[in-house]
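Trainee: Got a minute to walk me through this one?
Mentor: Sure, let's pull it up.

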Amino acid sequence: MKKHYSNKQVIFSRKLAQGRAKPQFPQKTNYLPQVLAAAFFLLLGALVLLPAIYTLCNSFMSPSEIRQYYAAAISQDGEAASAFHLIPDTFSLEGYYMVFLRSTDYLMKFWYSLFLCIAISAGQIFVSVLGGFAFAKYPIPLKKGIFFLLMVLMMMPVQVTLVPNYIILDGLGLIDSWLALILPMTFLPFGTIFMAQVFQGIPDEILDAAKLDGAGTLQILFRVMAPIGKGGIISVFLLSFVDAWNMVEQPITFLRDILRYPLSVFLASVNQVNFELSFVCGVLAALPILLLFFFFHEELAQGIELSGVK
């Protein structure tokens with residue numbers, strides 16, 4: 001059976017026979033830069049994950065073992081001493097048993113903080129969806145100026161707004177109540193700006209078609225815009241939940257009763273009062289955030305993509 005060669009192959013074979021062409025050999029690939037880059041990023045990832053791995057491993061130590069290795073972690077005069085022990089000598093769940101069954105302080109703070117974060121995130125979603133829809137699809141007087149002021153407020157550190165918020169909350173008689181934490185964080189400008197960018201990416205033809213079908217403003221918002229921008233709404237929920245879960249300055253400023261402090265503030269006292277349970281409390285405090293990002297990471301990426309954030 002005859003083989004058919006292309007014209008290029010025939011011409012090259014003739015040149016090769018006449019000595020005018022050199023045989024082509026595959027070039028050797030230099031893998032050294034790729035190996036170095038992979039090793040660098042692996043080392044960087046290990047350094048980033050080291051605190052989390054360290055906390056997780058130490059959470060399986062028994063309280064007696066923690067006292068043995070970290071007795072000199074903080075000296076009596078308050079100066080920190082060096083102490084590092086990664087792998088437990090014996091695997092133990094005694095710390096988790098003490099947190100869940102013997103000590104109720106942590107669980108009370110945990111559920112109280114979870115309630116606060118869900119309430120703050122739900123309120124921020126409601127305000128953000130309404131405000132973002134208005135900025136994106138309706139003509140508002142001085143819309144650009146108001147939107148610019150929201151961006152300025154968003155870039156301000158939280159410490160700048162503590163005193164004005166305290167004065168307002170004190171005037172409303174809400175100091176030392178859970179509303180003192182929920183209301184200021186509900187009206188943060190980030191969610192409104194984020195949802196405005198999401199809704200701007202939705203074509204106006206969809207709104208016009210819904211209006212022709214007789215849909216009202218709220219029907220268009222909750223039955224048309226919200227399902228399309230579901231990724232953005234979930235992103236606002238996740239980011240606001242993380243922000244509320246990690247808040248420290250607001251509870252210390254707005255709450256007078258230390259028993260009302262959320263988990264983020266309570267963890268600092270655990271290190272001083274009951275150091276043996278600090279690793280377990282740290283693991284359990286990170287668990288809700290990890291679960292949220294594990295189950296909703298695709299929606300978060302979709303929401304950031306819809307908002308146009310690069």
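**Contacts, pockets and one loop residue**

Mentor: Start with the contacts. Among contacts in the protein with a separation of 6 or more, 77% join residues 24 or more positions apart. Keep in mind that this is a predicted model.

Trainee: What does the secondary structure come to?
Mentor: It comes to 15 helices and zero strands.

Trainee: And how much of the protein is buried?
Mentor: Buried residues are 35% of the 310 in the protein.

Trainee: What about the surface, how much does the protein expose?
Mentor: About 20,100 Å². Carbon and sulfur atoms supply 67% of that area.

Trainee: Switching to pockets. What volume does the largest pocket have?
Mentor: About 650 Å³. It has 29 lining residues, and the closest to its centre are T161, P184, M185, L188 and P189.

Trainee: Which elements give two or more residues to that lining?
Mentor: Helix 6 (143-155), helix 7 (162-171), helix 8 (179-186), helix 9 (189-200), helix 12 (230-245) and helix 13 (249-254).

Trainee: Which helix gives the most to the lining of the largest pocket?
Mentor: Helix 8, with five residues.

Trainee: How does the lining of the largest pocket divide into nonpolar, polar and charged?
Mentor: 22 nonpolar, five polar and two charged.

Trainee: Back to L188. Where does L188 lie?
Mentor: In the loop between helix 8 and helix 9.

Trainee: Is L188 buried, or exposed, or in between?
Mentor: In between. Its relative accessible area is 31%. Buried means under 20% and exposed means over 50%, so L188 counts as partly exposed.

Trainee: What is L188 in contact with, leaving aside neighbours within four places in sequence?
Mentor: Q124 and D243.

Trainee: How far apart are L188 and Q124?
Mentor: In sequence, 64 residues. In space, 7.3 Å from C-alpha to C-alpha.

Trainee: OK, next pocket. How much space lies in the second largest one?
Mentor: About 480 Å³. Its lining has 19 residues, and D105, Y106, K109, F266 and S269 lie nearest its centre.

Trainee: Which elements give two or more residues to the lining of the second largest pocket?
Mentor: Helix 5 (105-137) and helix 14 (263-273).

Trainee: And how do the residues of that lining divide?
Mentor: The lining of the second largest pocket has 13 nonpolar, three polar and three charged residues.

Methods:
Residues are numbered from 1 along each chain as its sequence is written. This is a predicted model: local features need pLDDT of at least 70, side-chain atom pairs count only at pLDDT 80 or more; totals for chains, interfaces and linings use all residues. Side-chain values use heavy atoms; hydrogens and water are left out. On a 1 Å grid over the protein atoms alone, a cavity is a set of points where a 1.4 Å probe fits but cannot get out, and a pocket is an open set with protein on both sides within 12 Å along at least five of seven lines; lining residues have an atom within 4 Å of a point. Grid points are joined across faces, edges and corners, and a volume is the space filled by probe spheres set on the points. Helices (H or I, at least four residues) and strands (E, at least two) are DSSP runs, numbered from the N terminus. Ala, Val, Leu, Ile, Met, Phe, Trp, Tyr, Cys and Pro count as nonpolar, Asp, Glu, Lys and Arg as charged, and the others, Gly among them, as polar. Buried means under 20% relative accessible area, exposed over 50%, partly exposed in between (1.4 Å probe, protein chains only). Contact means heavy atoms within 4.5 Å. Accessible areas come from the Shrake-Rupley method with a 1.4 Å probe; for residues, only the protein chains shown count as cover.
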